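Grab your viewer and a cup of coffee: here are a few exercises to work through with the model open. Try each task before you read its solution.

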Amino acid sequence: MILAEGLHKHFGKTHALRGLDVDASEGMILAMLGPNGAGKTTAVRILTTLTRSDAGRAEVAGIDVARHPAAVRKQIGVAGQTASLDDLLTGRENLAMVGRLYRLDRSDASRRAADLLARFDLDDAADRTVKTYSGGMRRRLDLAAALIDSPPVLFLDEPTTGLDPRSRLDMWSLIQELAKSGHSILMTTQYLEEADQLADDIAVVDHGRVIARGTAIELKRRVGGERLEVEIAEDQSLDRAAEVLAALGEEAARVDVDHRRVSVPIVAHDGVLTRAVRALDEAGVRADDIGFRRPTLDEVFLALTGQPIDGEPNPEAPA
Amino acid sequence: MSLRWWLTDSFEMVRRNLLHIRRTPELLLDVTVQPIMFVLLFRYVFGGAIPIQGTSYVNYLMAGIFVQTIAFATIYTGVLLANDLTKGMIDRFRSLPMSQSAVITGRTFTDLLRGMLAIAVMTVLGLFVGFSPQGSPAGWLGAVGILLLFGFALSWVGVAAGALVRTPEAVQGLVFTAVFPLTFASSAFVQTSTMPSWLRAFAEHQPMTYVINAVRGLVLGQPNVPDLAPALLWGIGLLVIFFPLGLWLYQRRTTQ
């Protein structure tokens with residue numbers, strides 16, 4: 001449903017995209033994961049006909065984006081990080097206007113608006129102007145506007161950036177519902193947890209290119225296997241815990257002083273946990289928590305790019 | 001894009017603009033309170049000191065006020081468009097299967113409505129302060145037609161300015177700087193024959209004066225309406241240039 005091949009885009013001297021490829025098939029959620037400035041938003045703007053690419057090809061629902069932008073616009077709904085709403089109009093007026101511009105007739109537009117307001121829990125605020133809305137409400141209304149004509153393809157540019165934790169969870173369940181009801185979704189995010197939770201497929205984007213592609217599990221596998229992790233009760237036992245665990249595991253233990261966590265890579269589960277608890281106890285180390293842990297996408301990103309995901313863009317990274 | 005959809009979408013944009021006006025009635029100050037102040041200022045403060053040949057000062061003044069109001073209204077056209085362009089709403093419109101030019105035709109159509117309101121408010125006020133136009137209904141119709149044509153053409157100039165300049169504040173400064181001297185160095189408030197020759201040469205050959213003279217002739221029922229042809233030509237000419245230019249600048253600005 002969504003296809004981008006070799007997209008290039010520069011703004012002055014800044015190369016926002018350097019040959020970006022992505023594709024998403026029908027009814028799935030593809031997450032473009034990357035730090036600020038990686039080129040995610042530029043890619044979305046090209047796919048949604050807002051910006052023209054310098055080179056490369058983009059198709060949405062089988063239609064060439066550069067050649068037939070008007071036809072593409074009938075197939076897509078867009079919700080952005082800067083909720084594109086009219087502050088002086090009420091929620092209902094915003095939705096009805098967008099519905100009319102999707103060429104719904106007036107009664108259809110207002111019926112759809114009412115349905116979506118109810119579904120997105122905006123009933124009470126429906127007739128207030130949008131400038132009185134909270135951040136979470138604005139995002140929900142923005143998403144509702146994208147859905148007014150129920151387009152098959154949705155683009156969600158950082159749908160939860162800046163939202164409080166509860167609104168984020170609400171947004172996540174809305175997005176999951178949309179995918180279940182058959183929409184194909186391309187979303188961008190800086191949050192590894194979000195991509196992990198929602199996406200069927202993840203494209204890790206850095207410096208205008210996709211540097212890794214796969215499911216969350218596949219990506220995690222790329223940075224190595226499971227670890228045994230122990231959270232230590234007292235700071236002074238950290239070194240001793242590291243020695244004990246190193247004896248059990250494959251290599252030297254990794255120590256996270258801030259969180260008082262010690263971990264080692266392990267190959268097999270059989271009996272390791274029991275042996276670890278026993279060994280720690282014999283060494284007089286008190287553990288608050290112990291368990292197996294797969295790598296987080298944070299670690300994936302670190303391994304793939306050599307920088308943490310929320311780090312500053314590294315100018316020396318290979319282009 | 002079919003004409004019907006273009007009109008439907010433009011109408012939808014006009015609706016949006018009218019809702020804005022309903023929520024922030026200050027958006028009408030420039031076509032109501034401000035020109036009322038100008039009428040009172042010139043009628044009662046300066047008017048007594050300005051002799052006009054052949055008619056009373058208030059009769060002379062009103063055509064100038066009409067055209068001044070229509071011209072100053074262009075500032076809001078540009079400012080509101082520039083304002084839209086700095087916000088996310090234009091991105092929404094651009095991702096919709098609507099006629100893209102409707103965003104600005106909606107804006108200029110709204111200006112036509114604002115212009116009509118301005119003419120109505122000024123006419124009523126004028127009648128209260130002694131304006132006694134002798135023009136025929138046909139003359140009045142013609143005057144309103146010329147005013148709306150000129151106003152519509154100017155709002156496309158405003159669109160061009162709004163799409164060209166980066167910030168609403170800069171648009172306001174730019175349009176004001178252009179409109180202010182054109183309004184005052186014209187036949188709006190004084191007869192050009194009282195000006196020094198260099199200024200008079202400018203004042204008598206700039207579009208505002210032609211439009212003001214034509215409107216004045218029509219509403220006062222003067223036998224040979226002066227400057228009718230040049231007034232029409234300026235309106236049509238500005239429209240022919242700035243309609244496509246405004247569209248092009250808007251398109252260029254939004255497809256970067």
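## Exercise 1: the antiparallel sheet

**Task.** Find the bridge partner of Phe11(A) in S2(A), then place that pair in its sheet.

**Solution.** Step 1: Phe11(A) has Thr14(A) of S2(A) as its bridge partner. A word on the ground rules: this is a predicted model, in which local features need pLDDT of at least 70 and side-chain atom pairs count only at pLDDT 80 or more, while totals for chains, interfaces and linings use all residues. Residues are numbered from 1 along each chain as its sequence is written, and chains are lettered from A and ligands numbered from 1 in the order in which they are written. Helices (H or I, at least four residues) and strands (E, at least two) are DSSP runs, numbered from the N terminus.

Step 2: strand S1 (residues 2-11) of chain A and S2(A) run antiparallel, joined by 8 bridges. Two strands count as paired if DSSP finds at least two bridges between them.

Step 3: the open sheet has 4 strands in the order S2-S1-S4-S5 (chain A), with antiparallel pairing. Its edge strands, S2 (14-24) and S5 (63-64) of chain A, each pair on one side only.

Step 4: helix H1 (residues 40-47) of chain A packs on this sheet, where it touches S1, S2 and S4 (55-60) of chain A, and its direction makes about 115° with that of S1(A). Contact here is C-beta atoms, placed from the backbone, within 7 Å; axes are lines fitted to C-alpha atoms, for helices over the stretch in contact, with angles from 0 to 180 degrees between N-to-C directions.

## Exercise 2: the mixed sheet

**Task.** Work out the strand order of the open sheet of 6 strands in chain A.

**Solution.** Step 1: the order is S6-S7-S8-S3-S9-S10 (chain A), and the pairing is mixed. S6 and S10 (209-214) of chain A are the edge strands.

Step 2: strand S3 (residues 29-33) and strand S8 (residues 184-189) of chain A run parallel, with 5 bridges between them. Ile29(A) stands opposite Ile185(A) in S8(A).

Step 3: H1(A) packs on this sheet, touching S3, S7, S8 and S9 (201-206) of chain A. Helix H5 (residues 135-147) of chain A lies across S6 and S7 of chain A, at about 170° to S6(A).

## Exercise 3: two positive phi values

**Task.** Is Glu158(A) buried or exposed? Compare its setting with that of Arg103(A).

**Solution.** Step 1: most residues other than glycine have a negative phi. Phi is near 45° in Glu158(A) and near 75° in Arg103(A).

Step 2: Glu158(A) sits in the loop between S7 (153-157) and H6 (165-180) of chain A. Arg103(A) is in the loop between H3 and H4 (106-119) of chain A.

Step 3: Glu158(A) counts as buried because it has 23 C-beta neighbours inside 10 Å. Arg103(A) has 16, so it counts as partly exposed. The cut-offs are 20 or more other C-beta atoms within 10 Å for buried, 12 or fewer for exposed, and partly exposed in between, with C-beta atoms placed from the backbone.

## Exercise 4: a helix in chain B

**Task.** Check the span of helix H9 (residues 207-220) of chain B.

**Solution.** Step 1: the expected span is 1.5 Å times one less than the number of residues. For the 14 residues of H9(B) this should be 20 Å, and the end C-alpha atoms are 20 Å apart, which agrees.

Step 2: 14 of the 14 residues of H9(B) are buried. Just after H9(B), Gly221(B) takes a positive phi of about 70°.

Notes:
Contact = placed C-beta atoms within 7 Å.
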